Amino acid sequence: VQLQASGGGWVQAGGSLRLSCVASGSIFSINAMRWYRQAPGKQRELVASLPSGGTTYYPDSVKDRFTLSRDNAKNTVYLQMNSLKPEDTAVYYCNADVSRYPGRSGSYWGQGTQVTVSS
């Protein structure tokens, strides 16, 4: 299973970016998909999480600005980021709980995509 993240870049404060993450390989089902971020010198933090059939979670730091959505037919998760702030600058990683076979689930990570927000 591979996760390929894309869509990062440079944007001015107040701007928007849309990240994408495509899962490929031997996939029976995708149970949950998430986005994390890690800024220099800081721990990796969860910014959005959507379990299969569940509700989306956002921490207060991104609530009402970030929106996670998924296209199950394409095994793809998106992160729409609006009203970006300089403190959103980080490497963003997608993460998914994937079952390659019924009853067996593993956690997989994408390679990370850099988001830089200038003031």
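This is a guided tour of a predicted model, moving from its sheets to its core, its disulfide and its salt bridges.

**The open sheet**

Begin by selecting β1 (2-6), β3 (17-24), β6 (66-71) and β7 (76-81). These four strands form an open sheet in the order β1-β3-β7-β6, with antiparallel pairing. At the edges stand β1 and β6, and because each has a single partner strand, one side of each is left without a neighbour in the sheet. If you look across the strands, the twist from one to the next averages 15°.

Now keep β3 and β7 on display and hide the rest; this pair runs antiparallel and is held together over six bridges. To fix the register between the two strands, select Ser20, whose bridge partner in β7 is Tyr78.

**Strand β10 and its partners**

Next, select strand β10, which covers residues 113-118, together with strand β2, which covers residues 9-12; these two run parallel and are joined by four bridges. A convenient place to centre the view is Trp10, whose bridge partner in β10 is Thr116.

Then add strand β8, residues 90-101. Between β8 and β10 there are three bridges, and here the strands run antiparallel. Tyr92 has Thr113 as its bridge partner in β10, so that β10 can be followed from a parallel pairing with β2 to an antiparallel pairing with β8.

**The nonpolar core**

With β8 still selected, turn to the largest nonpolar core, which has 29 residues, and among these Trp35, Leu68, Leu79, Met81 and Tyr92 touch the most other members. Strands β1, β3, β4, β5 (45-51), β6, β7, β8 and β10 each supply at least two residues of this core. The largest share, five residues, comes from β8.

**The disulfide**

Which two residues does the disulfide join? Select Cys21 and Cys94, whose sulfur atoms lie 2.0 Å apart. The count of disulfides comes to one, and this one links distant parts of the chain, with Cys21 in strand β3 and Cys94 in strand β8, 73 residues apart. Viewed along the S-S bond, the torsion is about 60°, so the disulfide is right-handed. Cys21 is buried, with a relative accessible area of 0%, and Cys94 counts as buried as well, at 0% relative accessibility.

**Tyr93**

From Cys94, step back to Tyr93, which also belongs to strand β8. Is Tyr93 buried or exposed? At 16% relative accessibility, Tyr93 counts as buried, because the cut-off for that class is under 20%. Leaving aside the neighbours within four places in sequence, the residues in contact with Tyr93 include Arg34, Trp35, Tyr36 and Gln38, and further along the chain Trp109, Gly110, Gln111 and Gly112. Draw a distance from the C-alpha of Tyr93 to that of Tyr36, and you should read 5.1 Å, although the two residues are 57 apart in sequence.

**The salt bridges**

For the last stops, show the charged side chains; a search of the whole structure finds five salt bridges. Select Arg37, Glu45, Arg65 and Asp88 together, since these four residues are linked in a network of salt bridges.

Within that network, centre on Arg37, which counts as buried at 5% relative accessibility. One of its partners is Glu45, where the closest N and O atoms are 2.7 Å apart, and Glu45 is partly exposed, with a relative accessible area of 33%. Another partner of Arg37 is Asp88, where the closest N and O atoms are 2.8 Å apart. This second pair links distant parts of the chain, since Asp88 lies in the loop between β7 and β8 while Arg37 lies in strand β4 (residues 29-38), 51 residues away. Both Asp88 and Arg37 are buried.

Finish with Asp60 and Lys63, whose side chains meet in a salt bridge with an N to O distance of 3.3 Å. Here Asp60 is exposed, with a relative accessible area of 68%, whereas Lys63 counts as partly exposed at 39% relative accessibility.

Key:
Residues are numbered from 1 along each chain as its sequence is written. This is a predicted model: local features need pLDDT of at least 70, side-chain atom pairs count only at pLDDT 80 or more; totals for chains, interfaces and linings use all residues. Side-chain values use heavy atoms; hydrogens and water are left out. Buried means under 20% relative accessible area, exposed over 50%, partly exposed in between (1.4 Å probe, protein chains only). Contact means heavy atoms within 4.5 Å. Two strands pair if DSSP finds at least two bridges between them. A nonpolar core is a set of buried Ala, Val, Leu, Ile, Met, Phe, Trp, Tyr and Cys residues joined through side-chain atoms within 4.5 Å. A disulfide is a pair of cysteine sulfur atoms within 2.5 Å. Axes are lines fitted to C-alpha atoms, for helices over the stretch in contact, and angles run from 0 to 180 degrees between N-to-C directions.
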